[in-house]
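User: Could you take a close look at one part of this chain and work outward from there? I would like a connected account of where the residues sit and what they contact.

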Amino acid sequence: QVQLVESGGGLVQAGGSLRLSCAASGSIFSINDMSWYRQAPGKQRELVAQVSTGGSTYSADSVKGRFTISRDNAKNTVYLQMNSLVPEDTAVYFCNVGIRTIDSRDLEVWGRGTLVTVSS
């Protein structure tokens, strides 16, 4: 069994900052890419940012220069630092992690999501 626990969402005013965390636990042998997605009301889920095992990162154009993804491999945790938030960033944010389990299964695991609300 593998679980992801997300934290850090909440209500913030435009221009403010939040830091999301997502910790993986369970029968983990190794972790591959770690990503953050978001889904706004009435919209499709979209990739926000991704960090590879080696530390290479990708950020969507809409968040470039404002959001930073990072990971702590010792803690099996991925972070999303969100600065200069705007109302359009309001969404449920989901953590997504590629995991190889101890019994050699490759899984793509999703967190339950954490709500970020940015007020104008």
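Analyst: Serine 84 is partly exposed, because its relative accessibility of 41% falls between the limits of 20% for buried and 50% for exposed. The values here come from a predicted model. Serine 84 is placed in the loop between β8 and β9. Its phi is positive, near 50°, although the residue is something other than glycine.

A similar backbone feature turns up in the loop between β7 and β8, where asparagine 76 is found. Asparagine 76 is not a glycine either, and its phi is positive at about 50°. With a relative accessibility of 24%, asparagine 76 counts as partly exposed.

The loop that holds serine 84 also supplies a charged residue. Aspartate 89 joins arginine 66 in a salt bridge between their side chains, with an N to O distance of 2.7 Å. Because aspartate 89 lies in the loop between β8 and β9 while arginine 66 lies in the loop between β6 (57-59) and β7, the pair ties together parts that are 23 residues apart in sequence. Both partners fall under the 20% limit, so both count as buried: aspartate 89 has a relative accessibility of 1%, and arginine 66 has 16%. As background, side chains of opposite charge can pair when their charged atoms come close.

The pair of aspartate 89 and arginine 66 does not stand alone, since a network of salt bridges links Arg38, Glu46, Arg66 and Asp89. Within this network, the side chains of glutamate 46 and arginine 38 meet in a salt bridge at 2.7 Å, N to O. Here the two partners fall in separate classes: arginine 38 counts as buried at 6% relative accessibility, whereas glutamate 46 counts as partly exposed at 34%. The structure holds six salt bridges. Another of them joins arginine 100 to aspartate 106, where the closest N and O atoms are 2.8 Å apart. Arginine 100 is partly exposed, with a relative accessible area of 35%.

After the loop comes strand β9, which spans residues 91-101 and contains asparagine 96. What surrounds this asparagine? Setting aside residues up to four places away in sequence, asparagine 96 touches Asp33, Met34, Ser35, Tyr37, Glu108, Val109 and Trp110. One of these neighbours makes a polar contact: the side chain of glutamate 108 is 3.0 Å from that of asparagine 96. Asparagine 96 has a relative accessible area of 6% and is therefore buried.

Strand β9 also carries phenylalanine 94, which pairs with tryptophan 110 in strand β10 (residues 106-110). A search of the whole structure finds two aromatic pairs. In the pair formed by phenylalanine 94 and tryptophan 110, the ring centres are 6.5 Å apart and the planes meet at 80°, which makes the geometry edge-to-face. The pair links distant parts of the chain, the two residues being 16 residues apart. Phenylalanine 94 is buried at a relative accessible area of 10%, while tryptophan 110 is partly exposed at 35%. Tyr37 joins Phe94 and Trp110 in one aromatic cluster. Two members of that cluster, Tyr37 and Trp110, are also among the residues that asparagine 96 touches.

The ring of phenylalanine 94 has a charged neighbour as well: arginine 45 lies over its face, at 3.7 Å from the ring centre. Elsewhere, the charged end of arginine 19 sits over the ring of tyrosine 79, 4.0 Å from its centre.

How does strand β9 relate to the largest nonpolar core? That core has 31 residues, and the ones with the most contacts inside it are Trp36, Leu80, Met82 and Tyr93. The elements that contribute two or more residues are β1 (2-7), β3 (18-26), β4 (28-39), β5 (46-51), β7 (67-72), β8 (77-82), β9 and β11 (114-119). Among these, β9 gives the most, with five residues.

Terms used: Residues are numbered from 1 along each chain as its sequence is written. This is a predicted model: local features need pLDDT of at least 70, side-chain atom pairs count only at pLDDT 80 or more; totals for chains, interfaces and linings use all residues. Side-chain values use heavy atoms; hydrogens and water are left out. Helices (H or I, at least four residues) and strands (E, at least two) are DSSP runs, numbered from the N terminus. Buried means under 20% relative accessible area, exposed over 50%, partly exposed in between (1.4 Å probe, protein chains only). A polar contact is a pair of N or O atoms within 3.5 Å; within protein, one must be able to donate a hydrogen and the other to accept it, and residues adjacent in sequence count only if both atoms are side-chain atoms. Contact means heavy atoms within 4.5 Å. A nonpolar core is a set of buried Ala, Val, Leu, Ile, Met, Phe, Trp, Tyr and Cys residues joined through side-chain atoms within 4.5 Å. Rings of Phe, Tyr and Trp (its six-membered ring) pair if their centres lie within 6.5 Å; planes under 30 degrees apart count as stacked, over 60 as edge-to-face and the rest as tilted. A charge sits over a ring if NZ of Lys or CZ of Arg is within 6 Å of the ring centre and within 35 degrees of the ring normal. A salt bridge is a side-chain nitrogen of Lys or Arg within 4 Å of a carboxyl oxygen of Asp or Glu.
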